[in-house]
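User: I'm new to this structure and would like to learn how to read it. Please take me through it feature by feature.

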Amino acid sequence: MSEGPASPAQALAPTPPMGWSSWNSFGRRIDERLIRDTADALVESGLAAAGYRYVNLDDGWQAPSRDAFGDLRPDEGRFPGGLKALGDHLHSKGLKFGIYTSVGRKTCEGFPASYGFEEQDASLFAEWGVDYVKDDFCGGPPFWCRYNFWPWWDYRSRYTAMSRGLRSTGRPIVLSLCNWGFGRVWEWGGEIAQLWRTTFDIWPSWRRIMGILDAQRGLERFCGPGRWNDPDMLEVGVAPLTLEESRAHFSLWAILAAPLIAGNDLRSMSPETLAILANPEVLAVDQDPAGLQGTLVSDPRSPLQAWSRRLHGPGERAVVLLNRSKAARSVEVSWPQLGLRGPARVRDLWRREDLGAFDGRLSLEAPGHGARMLRLSGAQEC
């Protein structure tokens with residue numbers, strides 16, 4: 001983790017942002033009614049009270065072209081009330097308003113994006129009451145050239161221009177860089193933004209989630225309060241992920257100190273999905289004030305893995321025992337791997353029960369494509 005005090009921009013997200021985004025379940029098929037109903041579901045389900053505050057419109061909210069003044073505008077057929085009124089509605093419910101743009105000339109879905117308009121767009125977003133901006137990577141690199149080529153090596157300056165534009169508005173707006181890990185963004189993203197994507201997109205596939213997990217190894221030193229590695233939005237409760245896979249996915253994002261941006265349809269989620277997203281003990285790990293990203297402490301070649309995260313109290317650890325194979329297996333972790341010695345109290349965060357005191361090592365059965373998540377307390381630091 002970088003040293004030195006956090007900048008005012010970094011202080012916008014002292015813990016990983018939590019909320020909901022439209023993309024994973026709806027793609028570009030979004031409208032005002034969906035967003036208002038989702039906001040209602042976020043509050044009525046208790047997720048807002050649990051910390052999920054941002055309601056983020058992803059790609060697809062825009063009209064096909066800018067207006068006569070060069071301003072972005074929403075699609076009037078799908079957002080007849082306008083985005084200022086929508087933002088006001090979200091704020092009235094105690095929520096925050098997120099919006100999407102891209103660093104190139106066109107978004108991933110071919111709508112107008114912010115290349116060369118960063119200051120103008122930032123000012124407009126502030127007028128609308130926006131609290132969070134996701135700045136994507138489309139409309140630029142050669143493989144997106146059908147959306148108007150621009151010099152892909154210039155992306156860092158364009159992200160910087162958006163950051164500068166947002167700061168100049170005087171409104172506290174979180175900036176999420178979505179450049180898919182290009183240019184080792186984790187090394188410089190914290191200078192201009194609060195979070196940055198580390199990989200290409202997620203989708204509801206166990207194999208894909210495991211691939212993204214593997215890509216987080218070694219990035220922990222770039223993470224901390226106000227500056228977050230982002231392994232992408234959550235697929236919890238999105239088919240065809242099973243409940244066990246969703247539970248493991250959520251456990252791992254919490255151990256990584258990842259932003260928790262739900263992507264399921266909140267209006268129709270099952271009680272089991274809600275129980276995953278709302279588990280207070282797992283959320284407490286993700287939101288731990290120390291802001292330390294978890295690390296793999298076992299053999300990366302094995303399908304049976306232990307991931308560990310130091311928490312803010314002495315001798316406090318969160319541990320995920322991950323079974324990447326299809327059949328139930330026992331997964332083991334030893335105290336030296338965790339940097340601990342002496343007896344520790346162990347609590348199962350999904351079963352919400354104390355397992356007792358253990359000393360030296362721990363072995364528990366984890367379901368296939370599943371995980372056990374634990375909190376260890378009371379041991380001594382090595």
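Analyst: Let's start with a rule for sheets: two strands count as paired if DSSP finds at least two bridges between them. Take β9 and strand β10 (residues 304–310): two bridges join them, and they run antiparallel. One bridge links Leu296 with its partner Trp307 in β10. Keep in mind that you're looking at a predicted model.

User: What holds paired strands together in general, and in what order do the strands of the antiparallel sheet come?

Analyst: In general, strands of a sheet pair through backbone hydrogen bonds, and they can do so parallel or antiparallel. Here, the antiparallel sheet is open and has six strands, in the order β9-β10-β11-β17-β14-β15. The edges are β9 (295–296) and β15 (353–359); each has a single partner strand, so one side of each has no neighbour in the sheet. There's a helix to look for too: α7 (residues 206–215) lies across β10, β11 (317–323) and β17 (370–377), and runs at about 135° to β11.

User: How many strands are in the parallel sheet, and what is their order?

Analyst: Eight strands make up that open sheet, ordered β7-β6-β5-β4-β3-β2-β1-β8 with parallel pairing. Its edge strands, pairing on one side only, are β7 (228–230) and β8 (260–262). From one strand to the next, the twist averages 25°. Zoom in on one end of the order and you'll find three bridges between β6 (residues 195–197) and β7, paired in the parallel sense. There, Arg197 has Asp230 in β7 as its bridge partner.

User: Now for empty space. How many cavities of 30 Å³ or more does the structure hold?

Analyst: The general trick is to roll a probe the size of a water molecule over the atoms, which shows where empty space is left. In this structure, one cavity of 30 Å³ or more turns up. The largest cavity contains about 130 Å³ of space. Its lining has 16 residues, and Asp58, Tyr132, Lys134, Ser176 and Met233 lie nearest the centre. Strands β3 (96–102), β4 and β5 (174–177) each give at least two residues to that lining. By type, the cavity lining has eight nonpolar, three polar and five charged residues.

User: And which residues lie nearest the centre of the largest pocket?

Analyst: Look for Trp23, Cys108, Asp136, Cys138 and Asp201, which lie nearest the centre among the 19 lining residues. The largest pocket has a volume of about 230 Å³. The elements giving two or more residues to its lining are α1 (23–26) and β4 (132–136). Sort the pocket lining by type and you get ten nonpolar, one polar and eight charged residues.

User: What about charged pairs: how many salt bridges does the count come to?

Analyst: The idea is that side chains of opposite charge can pair when their charged atoms come close. The cut-off used is a side-chain nitrogen of Lys or Arg within 4 Å of a carboxyl oxygen of Asp or Glu. By that rule, there are 27 salt bridges. One of them is formed by the side chains of Arg66 and Asp121, at 2.9 Å from N to O. Arg66 sits in the loop between β2 (54–56) and α4 (83–92) and Asp121 in helix α5 (residues 118–127), so this pair ties together parts 55 residues apart in sequence.

User: Last one: which peptide bond is cis, and which residue has a positive phi although it is not a glycine?

Analyst: As background, most peptide bonds are trans, and most residues other than glycine have a negative phi. The bond from Ala239 to Pro240 is cis, with omega near 10°. You'll find Pro240 in the loop between β7 and α8 (243–255). The positive phi, about 65°, belongs to Trp180, in the loop between β5 and β6.

How values were computed
Residues are numbered from 1 along each chain as its sequence is written. This is a predicted model: local features need pLDDT of at least 70, side-chain atom pairs count only at pLDDT 80 or more; totals for chains, interfaces and linings use all residues. Side-chain values use heavy atoms; hydrogens and water are left out. Helices (H or I, at least four residues) and strands (E, at least two) are DSSP runs, numbered from the N terminus. Axes are lines fitted to C-alpha atoms, for helices over the stretch in contact, and angles run from 0 to 180 degrees between N-to-C directions. On a 1 Å grid over the protein atoms alone, a cavity is a set of points where a 1.4 Å probe fits but cannot get out, and a pocket is an open set with protein on both sides within 12 Å along at least five of seven lines; lining residues have an atom within 4 Å of a point. Grid points are joined across faces, edges and corners, and a volume is the space filled by probe spheres set on the points. Ala, Val, Leu, Ile, Met, Phe, Trp, Tyr, Cys and Pro count as nonpolar, Asp, Glu, Lys and Arg as charged, and the others, Gly among them, as polar. Contact means heavy atoms within 4.5 Å.
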